[in-house]
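Q: I'd like to learn how to read a structure like this one feature by feature. Can we start with the nonpolar core and work outwards from there?

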Amino acid sequence: MLAADNDGRMCARCLRDQRDQFRTPPMELRNEFWATDDFRAAFESRHIGRVFKVYRNHPRHLQLFGKALNQELLGRWLGLTQTQVSRLENSRAPEQNLKTLQNYARILHIPQSLLWFDLPGQSRVAARARIPSKTSGNETLSQDSILIANTGMDTVELLKRVRTSDVDAATIDALSITVEQLCCDYASVDARHLVIAGRDWLGKVTELLNGKLSLTQHRDILSNAGMLALLVGCLEYDLGDARAAEATRRMALELGRESGETGVVGWAHEMLAWFHLTSGNYRAALAAAESGIQAAGSHSVAVQLHAQQAKAYARMGEAEQVHAALEHGRELLDRLPFPDRPDNHFVVDPDKFDFYAMDTYRVSGQDDLATRNAEEVIRRGTNPWGEPITPMRNAEAQLTLAVVAARKGAPEDATALGLEALRGDRQSRPSLLHAARELLNELKAYGPKPGTEFAEYLDDFKHTK
């Protein structure tokens, strides 16, 4: 007997029995099925397990069947066990394999427009640019209609957000110019002063985000915030505050993902590779660089990520891999246009790539190549009046020349070059310490006396903030 409020043809038990006999997921689900806050959050998280959980607990299933779909049924559709579904839903690390994700989305008939990856033969851009209309069924809609259809936001609220703003275009342009200049100042301005400026501008950006913005402005400001976070994180690491640097790096990564800026995402991975490299975690550095390469695509940061891989391989003694990584980086660099602002810390130009190659040559014992690159780094990084333009690169180049001098039997020259490198005003402490330890090891081959002065200064340097 049916309940009084059940206007269907089957009782709840029969419906549940029918549910359990489903061999495949329903194919034709209305747009309203996917337009829930829970689904929106799940898709934004880029975690397929969370999508599974929302799908199983959808109100439609509760209404039709009296309870959520169980993990065993979903697993049967997906070719998984109940345990595997549970693991996917509750794992902190989301599934990353593209083919696996595509297979799950295809089986559950998830619309391309909602996914964070492309299905074979489809495009997220195209899926969001063409949405069936009520009249023709294939009419290209306005951008406002596209946004409404894909966000589920109230029409009036959305249109206000699209069209109105408390910030004018000139303010956004000024912010972008300022952020770029701060990134260009990284090489020469005192890190203690620059980090204060960077944090101050992050505060200003936060104030802008609290105001009324158009969607385009919101994205642009998030992108600038991501670049500022990258800059501040690098400076914090240069100053020896690794914990703060990692927290800031993670913030930059999230801002990059939220704004859709692959460059910001790539640089966040590059920073992690740098952190691991200077800490001696070479395999972790390789993994971080590979993640960045996958995320960055053809962005110039991929060149530096290949260079970081080469540096890690060099320290692991894998010469063939060093060569391959440098070749990949060089090939990509040759395809890119020369940057408008090569002094920007977050762009890669031939000079910067040669600087990274210098490190790999020094570590792998290719002294002639290391010397050639180091001398060229210093030449390009010094103005006609003998003043350093790129003091951090110059310091590492001096340490490279010092290491080579020690290997060639000139410990006094090596000590002098090493001391000069550590006495510069603008320093990246972790990077300098990494190279300085190599020099100290070379000097130890001559006994305790020749390297005493350098060892004492290095010890003071390590404990000075």
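A: Sure. Keep in mind that we're looking at a predicted model. The general idea first: in soluble globular proteins, nonpolar side chains tend to be buried together. In this model the largest nonpolar core has 75 residues, and the members that touch the most others are Tyr186, Leu230 and Phe346.

Q: Which helix gives the largest share of this core?

A: That's α14, with 12 residues. There is also a second, separate core of 30 residues, and Phe52, Leu74, Trp77 and Val85 are among its members.

Q: Can we zoom in on a residue of α14? Where does methionine 227 lie, and what is it in contact with?

A: Methionine 227 lies in helix α14. The cut-off for buried is under 20% relative accessible area, so methionine 227, at 18%, counts as buried. Leaving aside neighbours within four places in sequence, methionine 227 is in contact with Val179, Cys183, Val264 and Phe346. Phe346 is one of those well-connected members of the largest core. For a C-alpha view, take methionine 227 and tryptophan 267: they are 40 residues apart along the chain, with 9.0 Å between their C-alpha atoms.

Q: How should I read a helix, say α15?

A: An α-helix has 3.6 residues a turn, so residues three or four places apart point the same way. Helix α15 covers residues 242–259, which is 18 residues, and spans 25 Å from first to last C-alpha, close to the 26 Å expected at 1.5 Å a residue.

Q: Which residues of α15 are buried, and what covers them?

A: The buried ones are Ala245, Glu246, Thr248, Arg249, Ala252, Leu253, Leu255, Gly256 and Ser259. Their cover includes α14 (215–238) and α16 (262–279). Right after α15 comes glycine 260, with a positive phi near 75°.

Q: What about aromatic rings? How many aromatic pairs does the structure hold?

A: A pair of aromatic rings is described by the distance of the centres and the angle of the planes. The structure holds 15 such pairs. One of them joins tryptophan 34 and tyrosine 55, at 6.2 Å centre to centre with 45° between the planes, and that makes the pair tilted.

Q: Which parts does that pair tie together?

A: Tryptophan 34 is in helix α2 (residues 31–34) and tyrosine 55 is in helix α4 (residues 48–56), so the pair ties together parts 21 residues apart in sequence. Both rings belong to buried residues: tryptophan 34 has 7% relative accessibility, and tyrosine 55 has 1%. Zooming out, ring pairs link Phe33, Trp34, Phe39, Phe43, Tyr55 and Trp77 into a cluster. Trp77 also turns up in the second core.

Q: Which charged end sits over the ring of tryptophan 201?

A: The one of lysine 204, 5.0 Å from the ring centre.

Q: Is glutamine 308 buried or exposed?

A: Buried, because its relative accessibility is 2%. Glutamine 308 sits in helix α18 (residues 301–315). Not counting residues up to four places away in sequence, glutamine 308 touches Glu270, Ala273, Trp274, Leu277 and Tyr356.

Q: And glycine 329, what does it touch?

A: Under that four-place exclusion, glycine 329 touches Val303, His306 and Phe353. Glycine 329 is in helix α19 (residues 319–335) and counts as buried at 0% relative accessibility. Serine 300 is 29 residues from glycine 329 in sequence, yet their C-alpha atoms are 9.4 Å apart.

Technical notes
Residues numbered from 1 in each chain as written. Predicted model: local features only at pLDDT ≥ 70, side-chain atom pairs only at ≥ 80, totals over all residues. Heavy atoms only, no water. Helix = DSSP H or I, 4+ residues; strand = E, 2+ residues; numbered from the N terminus. Expected span 1.5 Å × (residues − 1). Buried < 20%, exposed > 50% of the residue type's maximum accessible area, 1.4 Å probe, protein only. Contact = heavy atoms within 4.5 Å. Phe/Tyr/Trp six-rings, centres within 6.5 Å; stacked < 30°, edge-to-face > 60°. Lys NZ or Arg CZ within 6 Å of the ring centre and 35° of its normal. Core = buried A, V, L, I, M, F, W, Y, C linked by side-chain atoms within 4.5 Å.
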